[in-house]
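Subject: Structure for your review

Dear colleague,

Please find below the structure for your consideration. My notes on its pockets and cysteines come after it.

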Amino acid sequence: MKRYISSYIVLLGFAVMFLSSCANHPSVPSDASASSVLPPIFPDYCDVTVPCNIAPLNFILPADQYEECVARITTPDGKQQTYGNGVKVQIQEDEWRDMLDASKGKSIKVEVWGQKDGKWLSFNPFVIHVAKEPIDEYVSYRLIEPSYVAWDFMEIAQRNLTTFEETQIFNNEITCNDKEKGQCINCHSYQNYKTDNMLFHVRKANGGTVIVNDGKVTKVDMKRDYTISGGVYPAWHPTAKLVAFSTNLTRQGFHTENHNKIEVYDQKSDLILYDVVTDSVSIVSNDSTLLEVYPTWSPDGKYLYYCKSVPLPEEMRDKDIASTYSKIQYNLYRRSFDVATHGFGDEELVYDAASQDKSATLPRISPDGHYLLFALGQYGCFHIRHSDADIVCMPLDNQVSSDIDLTGLNSEGFADSYPTWSSNGHWIMTSSRRGDGNFSRIYFAYFNNGKVEKAFLMPQEDPEHDTYRLKCYNRPEFMVEPVKISVAEFSRVFD
């Protein structure tokens, strides 16, 4: 009897696999009416350029308008495959990898059919361009609710971009105690895209900065008698065991009418340099009348770039910042750096945003040193909450004659912020609130010889994943390798 039941289970399993395969590789509708528009798919992957190692670009037709979806994908060598399960198109990972391999430097053709009110429509085909250049295999981000008014569980996670695997780096519950809960964890940072030297902050209960130095984990307190606070926004020097930080007195304001909803501003902020080996803190800049924030290094380590506020009009200087925050604007500066002496040169203006009645934040330098990315908005330094914020890319040398057109990267009327480069300089990543205005999600765009292509949403195994994940992707960072230290190992430094 057991043998018969076992055989039945095996046959049932084969039947389920067969039906699933049939559903995933359906037939193309033979009686479809032609439509003159591109398919209204989500995410919008029509005519994007993607890395040659990215995970499958799964998508969906609107479930409130369509009953079924079928897609036919054709590679340059003429091979075809169809996909569709309900209104979703989910491509098998091994088949997708073969498609990418066959399409490097070329394009994949995608044809989509949708069934609406029992009748099939054939949409205009589109292409997915496959770049020869890969993207860094990993990104990491903090997952947090969009309001910041209240939050509970928080984590820093890492995602393999070549697959759909997401794993946890750390969470805010593992070191909480019974007396004080509600830890905040933030500001993960890596040296030169690698993870043997990295850090993140833990606030409130058991607080401190968790630093990994050559794979060894420690917790440090960077607060000194002569600093505003411990380290806040970090930037690892590309070669030395040094981290530049801003040190801040940060506050939040919650609006009831302003459509930006939340304002994050500094009452004070300076720049410091932390020596990981000697556990020493030195002052980089501490102008008590102005605000300095968001340090970042040039890829050769010879310059430190940062944001610095410009003086307020004299009649506003004695007023509370809660009433003047909308008038605070930042320019971009840099100072030369001598790694042997840890000495900094004089301040140089890099980008004068205030003269354009704008504010520039979050600078990042391309790996070849030729380009500067930053976020630009009307005011302030926390542009991920400003709907007018866009990403700007400007040349840093005479090899490029003008600013770069980022129309394909930026959204219209939604906050675009946290720009950063991949390690090969061919991919730009940004955190954007496009779509619903509430949740920040990760977008990538191809950068090639100063030309930026249309941005695309980080792919998910289920195209509805980010619709139902009520979390923001905060401070996304590229990595060429995963964090190898486990959550449990990190937690031991809090014992």
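The notes below cover the basis of the model, then the pockets, then the cysteines.

This is a predicted model, in which local features need pLDDT of at least 70, side-chain atom pairs count only at pLDDT 80 or more, and totals for chains, interfaces and linings use all residues. Residues are numbered from 1 along each chain as its sequence is written, and side-chain values use heavy atoms, with hydrogens and water left out.

A pocket here is an open set of points on a 1 Å grid over the protein atoms alone, where a 1.4 Å probe fits, with protein on both sides within 12 Å along at least five of seven lines; its lining residues have an atom within 4 Å of a point. The largest pocket has a volume (the space filled by probe spheres set on the points) of about 690 Å³. Its lining comprises 21 residues, with Cys184, Asn186, Arg203, Tyr233 and Thr250 nearest the centre.

The second largest pocket holds about 570 Å³. Its lining has 30 residues, and Tyr193, Thr296, Arg364, Thr420 and Glu477 lie nearest its centre.

The structure contains 0 disulfides (pairs of cysteine sulfur atoms within 2.5 Å). For cysteine 184, the nearest cysteine sulfur is that of cysteine 187, 8.2 Å away. The sulfur of cysteine 472 lies 13 Å from the closest cysteine sulfur, in cysteine 184, which is too far for a bond. Cysteine 184 is buried (under 20% relative accessible area, 1.4 Å probe, protein chains only), at 14%; cysteine 472 is also buried, at 1%.

Yours sincerely

Conventions. Buried means under 20% relative accessible area, exposed over 50%, partly exposed in between (1.4 Å probe, protein chains only).
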